[in-house]
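User: Please take a close look at one part of this predicted model and describe how its helices, loops and ring pairs fit together. A single connected account would be preferred, with reasoning where it can be given.

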Amino acid sequence: MANSSTAPPPSWMINKPQGYEEDLENNSKCSFLLEKLSLINPRKCWPLLPKGCSYITNIHPNLKCSKLNCRQLSTTVLPRSTSFYAFQQKLSFCNPKKIWPFWSRGCFNLTGSHPNVNLLKLSCRGICSYVDNDGELESDNDVESESDERVESKADPKEVDRVCKVIDELFSLDRNMEAVLDECGINLSHDLVVDVLERFKHARKPAFRFFCWAAQRPGYAHDSRTYNAMMAILGKTRQFETMVSVLEEMGEKGLLTMETFLISLKAFAAAKERKKAIGIFELMKKYKFKVGVETINCLLDALGRAKLGKEAQLLFEKLEHRFTPNIQTYTVLLNGWCRVKNLMDAGKVWNEMIDKGFKPDIVAHNTMLEGLFKCKKRSDAIKLFEVMKAKGPSPNARSYTILIRDLCKQGKMDEAIDYFEEMLSSGSEADAAIFTCLVTGFGNQRKMDKVFALLKEMKEKGCPPDARLYNALIKLMINRRMPDDAVSLYKKMIRNGIQPTIHTYNMLMKSFFMTKNYDMGHATWEEMSLRGCCPDENSYTVFIGGLIGQGRSMEACKYLEEMIDKGMKAPQLDYNKFAADFSRAGRPDIMDELAKRMKFSGKFEVSSLFARWAEMMKSKA
């Protein structure tokens, strides 16, 4: 049902009181979050609104244009002359023809899909293979998924691009971004909102302001999916008071789902906030949601992934009388202990599982196998693997991948190939994960003939490379100081319809700046923006560091401010060199501004450094 134009705004959109801090960067500032989460007053929640705006729909007093797009802006929209100049500079890079290193015939601008991961349908004991950004297999439990399955978007990718462009260009330049969005004639839908939030998932402030703006649009109302998308962003960036307030807002509107609570549980567990994670159970009771074994398993699994195996065990013992554990319960406890390399307690869980009448299945065996390798107990791991072959459960592709991954790390490629062939003869099919391990192993030994042979074998077996395999290959080329070959792989990746991840761009950009190929480093940044991939903190750190290395500190300052404005933490950089560049330019005003921003973002030492440099420059003047 459409929102009434006279309805009051949600509680988390009210105007902040005078002097209220706009940002909550670290957990120490969240001490006001009550242990009993159900008692939180959502009206205390801070909004991300421009100073002086009661609601985000306020019209900018200087706005006179009725129809706007990103290429038709005047100083009436951007009242500050410096803002308009910077905006023009950014627009000059928007022509895809200028991104020549990455542009090839038959190359399309793929938008609207998730830029970072191929989403899998996972449960707490999922057994799909997963390879990390460096081409190494990781536990399935490392894979984060906001939802068990993602609904295919029906939003127009061009419309998503248009909205994202307005937000990206105007968020830091024009404090009344919402007024421009009002004039753009956007046809809001739930799919469009989810896609835009996905683009800004690393930039919580623009994401939240867009979310608030959408909530006030006539004829549109958020549903459970859009709320959950925003909840996931707030949870990952640890904006816990806002997250819980939005959750309670959903409760008042009857939009809560089990996914909402799982997002909150995972967010608190990842931040090692065990008591607050348990407090979510109180909220579930308040809103009449059943706390069953699957919910408790999810919390135990989230604690285990956050390397809180001991806390997960204590919670299990505390709640054991309130639910009936199943084999998944013991498997996630086992994984929690293995992740912190505590084989003694992992063994106790294994024995208790058997004593309770559960027979360890292939998932439990693979979890223990991986734990033994993590603890460098290779002989014990091989014995367990042989017992699995002799007595069952028979090793599957995941079991072989865990074993082969460790052999590749040790450089024992002959043994790795022997086990690979054994796996094929046993009837298990090779997937991209196991090929990635082998490719990485041979690549690290500079045996490129073996790498190409494996890629050919993949093609023959009908096993297409995925994004992680391409990332592993690109990293090999970068490590061998072959950036041109890395770019060729990137282009092939695009031609094959595989969406590059944020890690792909970060690797390429870092390699170009390390080899002082600054033009290509800048081109990579612009290519990332063109393809709708939201820069994360690592992206900004690499790019700002490259600008400083190039002697372009003024431009680096602009991106540093943009990064902090978006709600990201200030990066670890050589700020002494940064400050020295501004000292030579004779700009103490910039140093003072940076000192304030760094203090605001929690970088107190850096703030003091900038303040000292500013005082030195003023005294010299």
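Analyst: Lys 376 sits in the loop that runs between H14 and H15. Its phi is positive, at about 65°, although Lys 376 is not a glycine. Most residues other than glycine have a negative phi, and most peptide bonds are trans. With a relative accessible area of 57%, Lys 376 is exposed, because the cut-off for that class is over 50%. The model is a predicted one, and this applies to every value below.

The next loop, between H15 and H16, contains Pro 393. Gly 392 and Pro 393 are joined there by a cis peptide bond, with omega at about -10°.

Beyond that loop comes H16, which covers residues 397-410. Its 14 residues should span 20 Å at 1.5 Å a residue, and the C-alpha atoms at its ends are 20 Å apart, so expectation and model agree. Of these 14 residues, 12 are buried, and H16 is therefore largely enclosed by the rest of the structure. The buried set includes apolar side chains such as Ile 402, Leu 403, Ile 404 and Leu 407, together with Arg 398, Arg 405 and Asp 406. The partners against which the buried residues of H16 pack are H14 (362-374), H15, H17 and H18. After H16 comes Gly 411, with a positive phi near 80°.

The packing of H16 on H18 can be described further. Two packed helices are described by the angle between their axes and the distance between the axes. For H16 and H18 the angle is about 10° and the axes are 9 Å apart. An angle under 35 degrees counts as roughly parallel, so H16 is roughly parallel to H18. On the H16 side, the residues that meet H18 are Tyr 400, Thr 401, Ile 404, Arg 405 and Cys 408. Their counterparts in H18 are Ala 433, Ile 434, Cys 437, Leu 438 and Gly 441.

Aromatic rings also connect helices in this part. The structure as a whole holds 18 aromatic pairs. One of them is formed by Phe 385 and Tyr 419, an edge-to-face pair with 5.8 Å from centre to centre and 90° between the planes. Phe 385 belongs to H15 (residues 378-391) and Tyr 419 to H17 (residues 413-425), so this pair links distant parts of the chain, 34 residues apart. Both Phe 385 and Tyr 419 are buried. Phe 420 and Phe 435 form an edge-to-face pair as well, with centres 5.5 Å apart and 65° between the planes. Since Phe 420 lies in H17 and Phe 435 in H18 (residues 432-444), the pair ties together parts that are 15 residues apart in sequence. Phe 420 is buried, as is Phe 435.

Further along the chain, some of these features can be found again. Lys 516, in the loop between H22 (502-514) and H23 (518-530), has a positive phi of about 60° although it is not a glycine. Lys 516 counts as exposed, at 60% relative accessibility. Ring pairs join Phe 513, Tyr 518, Trp 525, Tyr 540, Phe 543 and Tyr 559 into a cluster. Ser 539, which lies in H24 (residues 537-549), is buried, with a relative accessible area of 0%. Apart from its neighbours within four places in sequence, Ser 539 is in contact with Ile 502, Asn 506, Met 509, Trp 525 and Met 528.

Earlier in the chain, H4 (residues 190-199) offers another case of a covered helix: 9 of its 10 residues are buried. Among them are Asp 191, Asp 195, Glu 198 and Arg 199, along with Leu 192, Val 193 and Leu 197. The elements that cover the buried residues of H4 include H2 (157-170), H5 and H6. Of these, H5 (residues 204-215) and H6 (residues 224-236) pack on each other at an angle of about 155°, with their axes 10 Å apart. That angle is over 145 degrees, so H5 is roughly antiparallel to H6. Their crossing is left-handed. The residues of H5 that meet H6 are Arg 204, Ala 207, Phe 208 and Phe 211, and those of H6 are Thr 226, Tyr 227, Met 230, Ile 233 and Leu 234.

Terms used. Residues are numbered from 1 along each chain as its sequence is written. This is a predicted model: local features need pLDDT of at least 70, side-chain atom pairs count only at pLDDT 80 or more; totals for chains, interfaces and linings use all residues. Side-chain values use heavy atoms; hydrogens and water are left out. Rings of Phe, Tyr and Trp (its six-membered ring) pair if their centres lie within 6.5 Å; planes under 30 degrees apart count as stacked, over 60 as edge-to-face and the rest as tilted. Helices (H or I, at least four residues) and strands (E, at least two) are DSSP runs, numbered from the N terminus. Buried means under 20% relative accessible area, exposed over 50%, partly exposed in between (1.4 Å probe, protein chains only). The expected span of a helix is 1.5 Å times one less than its number of residues. Contact means heavy atoms within 4.5 Å. Axes are lines fitted to C-alpha atoms, for helices over the stretch in contact, and angles run from 0 to 180 degrees between N-to-C directions. Angles under 35 degrees count as roughly parallel, over 145 as roughly antiparallel, 65 to 115 as roughly perpendicular and the rest as oblique. A crossing is left-handed if the near helix is turned anticlockwise from the far one by less than a right angle, and right-handed if clockwise.
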